[in-house]
Structure formats: C-alpha cells, structure tokens
Amino acid sequence: MARTKIIPPEGLFSDLEYTSVIVNYSNGIDSTGTLYWALKNFPKEKIILLYCDTGCEYPENISLFYKTAAFLKIRPVLLADPRGFLGLLLNERLRFPDMKHRWCTSYLKTMVTDKWIRHHREQLGPKCLFLSGERRDESIGREKLPELEYHSTTLKTRRVADFTCHWYRPCLDYEKGKMFERGRELHLEPHPCYEYIGRCSCMFCVLMPDRHAAENIKRYPEIAAAYVRAEMQLNHRWKQASSLQSIYNECLDIGDIDEDLLEDFRQMSLFETIGE
Ligand code: SF4
C-alpha cells in the first residue's frame, strides 16, 4: 500500500463499476468499520477480506480472521512474508523499526499486498477498490490523508493490462466509538486486546506506548521473551528510550522464569550495562 498521493481526477466510480473490493483487514476496530462500509455498499461476492500476518500478531489473530470471513460469508485472503518480523529483524534489518524507518510496514504489509494484487489482476478485474480504515483523529499524520488516491498497483497505460485501483478511506472522519458501533451491527466481537489496551496493532509495535507493551508481556510472556532476546542478540533496543527487557523485568516475577531464560537475563543485564 505504498502511497501514490495522486488523487484520481475521475473521483470514485459508481458502485456498479468496481469489479472487486479489497478490505485491508487487521482484526482491529477501524478495519471492522471499513468492512461494515464495504458490506453496505457492495455485494459480498465482490469483497475480499485481506489480512497480512506480520509474524508479530496476537496468537488468536488468524483464527479470528477466518472466523470473521466465514461468519460474514466473504472471501478471506491471508498474506505473509515467510521471513516474518523476527526473521527480518534478526537476519536482515538488524535494528528495530522506528517512526522514520518503518520497514515492518513496507516489507510485511505493503510489499506483500502489492505483490498479491499484481498477481491477481485478472481475478480482480479492471477496476478494483482498495479500502483501509485510517481515521483522522488517530494521529497528526493521518489528519491530512485524502479520502481517495490511486493505489500503487494502478497501471498507467493499458500496454500490460487495463487495471485501475482506487485506494479509498471510508472512515477518515468518524470517531472510534462509531467503529465499535459498526462492529456491533455486524455482530462481531471487538478483538480481545481492547479489554486492556486502546489500539489493536502488532503485539510489540515500536509505536505503542510502553504500558501497552507491558500489558501484552503480562499476558504473553513466552512470545515477549523472543523479542527481548532479539534486543540482546542485536544489542539494539526496541525503542531508543526504552528497552523491552526493562519492561519485561518490571512485569514478571523473576522466580517464575526457567533456568535458560535466567541465563539470558544475566547476559541481558550485561547488555543493559554496555548499552547505557
Ligand atoms: S503495527 Fe507497528 S510493528 Fe506492526 S507493521 Fe505497523 S508499525 Fe510495524
């Protein structure tokens, strides 16, 4: 979903003209609101529910995704880069992503999605509508997003194929409460993480507040330990200002941790000292 920032002069086509509709779905409440919009405006046969597994997802996410697609009787498409978040981090990128270098989004979402769209142009037909759930009040960056722009998979000429993909954001001007309302109308339960944090992102998203990471560490300590080990192996912190290790240590009773992990902790403590 690389942005083109080019507004289509033709505007949105009529509902009947689109040959396919892709809902960029994450199990989060904003993508649920987006799905609601798609279902209100298009027949189910045209809708594809697209989910990118980054490898840093809640363990229940994939089954939730398929459950939602089955319940609403729409076609699910699950995409994943086989390297996953940790594979890319430990073998190629060697640094956690940050605001300026969000390689996680580029590699694990944008590139896999664009590739899938390019490979399925024939199936999607000449006019595809790509939907995503950004809302203006989420961040300054999202405040100025256009409702409509060309998707990067749009072909400029018909030499290879006739393919236009419009990227539309139907929830931009809605508030979060409305998204939950729409989820209820679809009879979809919000993702379980909303019981304790306000945003459904990757489990250890580098953009999340530390307290959200702490809540996930408490609930999924074994998964968190892999990210703490990655910090240690790379000698690079999850965030510049805070290491996952320090949050992890605050969350867990050291007496509950097995011997291997304790050994890792001894080494991590050394890393902490070196990293200061
Ligand atoms: S949710 Fe966070 S960690 Fe996951 S891809 Fe997006 S920016 Fe990266």
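Which loop does His187 lie in? In this predicted model, the answer is the stretch linking helix 7 (176–185) to helix 8 (210–219). His187 is worth a look for its backbone: phi is positive there, at about 60°, although the residue is not a glycine. Most residues other than glycine have a negative phi. As for its surroundings, His187 counts as exposed because just 8 other C-beta atoms lie within 10 Å, and the cut-off for that class is 12 or fewer.

A second residue tells a similar story. Lys73 is not a glycine either, yet its phi is positive, again about 60°. This one sits in the loop that runs between helix 2 (61–72) and strand 3 (75–79). With 9 other C-beta atoms within 10 Å, Lys73 is exposed too.

Now for the overall layout. The domain assignment splits the protein chain in two, with domain 1 covering 20–194 and domain 2 covering 209–275. Taken over C-alpha atoms, the centres of domain 1 and domain 2 are 30 Å apart. Where the two meet, domain 1 puts 6 residues into the contact, and domain 2 likewise puts in 6. What classes of residue make up the side of domain 1 that touches domain 2? On that side there are 5 nonpolar residues and 1 charged residue, with no polar ones.

Definitions and conventions: Residues are numbered from 1 along each chain as its sequence is written. This is a predicted model: local features need pLDDT of at least 70, side-chain atom pairs count only at pLDDT 80 or more; totals for chains, interfaces and linings use all residues. Domain bounds come from an automatic or database domain assignment. Two residues are in contact if their C-beta atoms, placed from the backbone, lie within 7 Å. Ala, Val, Leu, Ile, Met, Phe, Trp, Tyr, Cys and Pro count as nonpolar, Asp, Glu, Lys and Arg as charged, and the others, Gly among them, as polar. Helices (H or I, at least four residues) and strands (E, at least two) are DSSP runs, numbered from the N terminus. A residue is buried if 20 or more other C-beta atoms lie within 10 Å of its own, exposed if 12 or fewer, and partly exposed in between; C-beta atoms are placed from the backbone.
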